[in-house]
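Visitor: I should like to take a close look at a single part of this model. Please treat it in one connected account.

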Amino acid sequence: QVQLVESGGGLVQAGGSLRLSCAASGRTFSNFVMGWFRQVPGKERRFVAAIRWSGGSTGYDDSVKGRFTISRDNAKNTVILQMNSLKPEDTAVYYCAARSEGSTWGNYWGQGTQVTVSS
């Protein structure tokens, strides 16, 4: 059973940085894509960034390009989202997600971690 556990959220001032971690367990993830999504109340969950576990290729939503960096630590089975130059509009609950290559998002989610950016 895939388990994803996020940590690292919190309150930060605009322009600051936060580092989110997602500890993944329950299977091998070599043929998986790992991602981060975010959601604000009343809105749908939106894609932020993703990384292929094998090879490490990445993708980002335009709103975070140049500010956020996704990476993985194979030894620790952990996915990291480094968030710099944070803006108040980055405020949301951030979710770690996983999907196998060729499938769609939606089967595996973490519990979410709150990120609040004050102006």
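In strand 8, which residue is the bridge partner of Leu-18? Please describe the surroundings of this pair as well.

Guide: The bridge partner of Leu-18 in strand 8 is Met-83. The model is a predicted one, and every value below is computed from it.

The pair belongs to the junction of strand 3 and strand 8, which are antiparallel and share six bridges. In general, the strands of a sheet pair through backbone hydrogen bonds, in either a parallel or an antiparallel sense. This junction sits within an open sheet of four strands, ordered 1-3-8-7 and paired antiparallel. Strand 1 (3-7) and strand 7 are the edges of this sheet, each pairing on one side only. From one strand to the next, the twist averages 15°.

Each remaining junction of the sheet can be placed in turn. Strand 1 pairs with strand 3 in the antiparallel sense over five bridges, and there Leu-4 stands opposite Ala-24 of strand 3. Six bridges join strand 7 to strand 8, again antiparallel, with Gln-82 in strand 8 as the bridge partner of Thr-69. Strand 7 and strand 8 form a hairpin with four residues between the strands, in which Asn-77 takes a positive phi near 50°.

Strand 8 itself is mostly covered, with five of its six residues buried. One of its residues is Leu-81, whose contacts show what surrounds the strand. Setting aside residues up to four places away in sequence, Leu-81 touches Leu-18, Arg-19 and Leu-20, as well as Trp-36, Val-48, Ala-49, Phe-68, Thr-69, Ile-70 and Tyr-94. The largest nonpolar core has 28 residues, and those that touch the most other members are Met-34, Trp-36, Leu-81, Met-83 and Tyr-94. Met-83, the partner of Leu-18, is therefore also listed among these members of the core. Two or more residues of the core come from each of strand 3, strand 4, strand 5 (46-52), strand 7 (68-73), strand 8 (78-83), strand 9 and strand 11.

Strand 3 leads onward to another part of the structure through a disulfide. A disulfide is a covalent bond between the sulfur atoms of two cysteines. The structure holds one such bond, which joins Cys-22 to Cys-96 with an S to S distance of 2.0 Å. Because Cys-22 lies in strand 3 (residues 18-25) and Cys-96 in strand 9 (residues 92-100), the bond ties together parts that are 74 residues apart in sequence. The torsion about the S-S bond is about -80°, so the disulfide is left-handed. Both Cys-22 and Cys-96 are buried; Cys-96 counts as buried because its relative accessibility is 0%.

The neighbours of Cys-96 come from several places. Apart from residues up to four places away in sequence, Cys-96 touches Leu-4, Glu-6, Cys-22, Met-34, Gly-35, Trp-36, Tyr-108, Trp-109 and Gly-110. Cys-96 and Tyr-108 are twelve residues apart in sequence, and their C-alpha atoms are 8.4 Å apart in space.

Strand 9, which carries Cys-96, is also mostly covered, for seven of its nine residues are buried. Strand 9 pairs with strand 4 (residues 32-39) in the antiparallel sense over eight bridges, where Ala-98 is the bridge partner of Met-34. Strand 9 also pairs antiparallel with strand 11 (residues 113-118), over three bridges, and Val-93 stands opposite Gln-114 of strand 11. A further antiparallel pairing, over two bridges, connects strand 9 with strand 10 (residues 108-109), where Ala-97 stands opposite Trp-109.

Aromatic rings complete the picture. Seven aromatic pairs are found in the whole structure. One of them is Phe-29 with Phe-32: the ring centres are 5.3 Å apart and the planes stand at 80°, so this pair is edge-to-face. Phe-32 is buried, with a relative accessible area of 2%. Phe-32 also pairs with Tyr-108, and because the centres are 6.1 Å apart and the planes at 40°, that pair is tilted. This second pair links distant parts of the chain, since Phe-32 is in strand 4 and Tyr-108 in strand 10, 76 residues apart. Tyr-108, a contact of Cys-96, counts as partly exposed at 25% relative accessibility. Ring pairs also link Phe-37, Phe-47, Tyr-95, Trp-105 and Trp-109 into a cluster.

Terms used: Residues are numbered from 1 along each chain as its sequence is written. This is a predicted model: local features need pLDDT of at least 70, side-chain atom pairs count only at pLDDT 80 or more; totals for chains, interfaces and linings use all residues. Side-chain values use heavy atoms; hydrogens and water are left out. A disulfide is a pair of cysteine sulfur atoms within 2.5 Å. Buried means under 20% relative accessible area, exposed over 50%, partly exposed in between (1.4 Å probe, protein chains only). Two strands pair if DSSP finds at least two bridges between them. A nonpolar core is a set of buried Ala, Val, Leu, Ile, Met, Phe, Trp, Tyr and Cys residues joined through side-chain atoms within 4.5 Å. Contact means heavy atoms within 4.5 Å. Axes are lines fitted to C-alpha atoms, for helices over the stretch in contact, and angles run from 0 to 180 degrees between N-to-C directions. Rings of Phe, Tyr and Trp (its six-membered ring) pair if their centres lie within 6.5 Å; planes under 30 degrees apart count as stacked, over 60 as edge-to-face and the rest as tilted.
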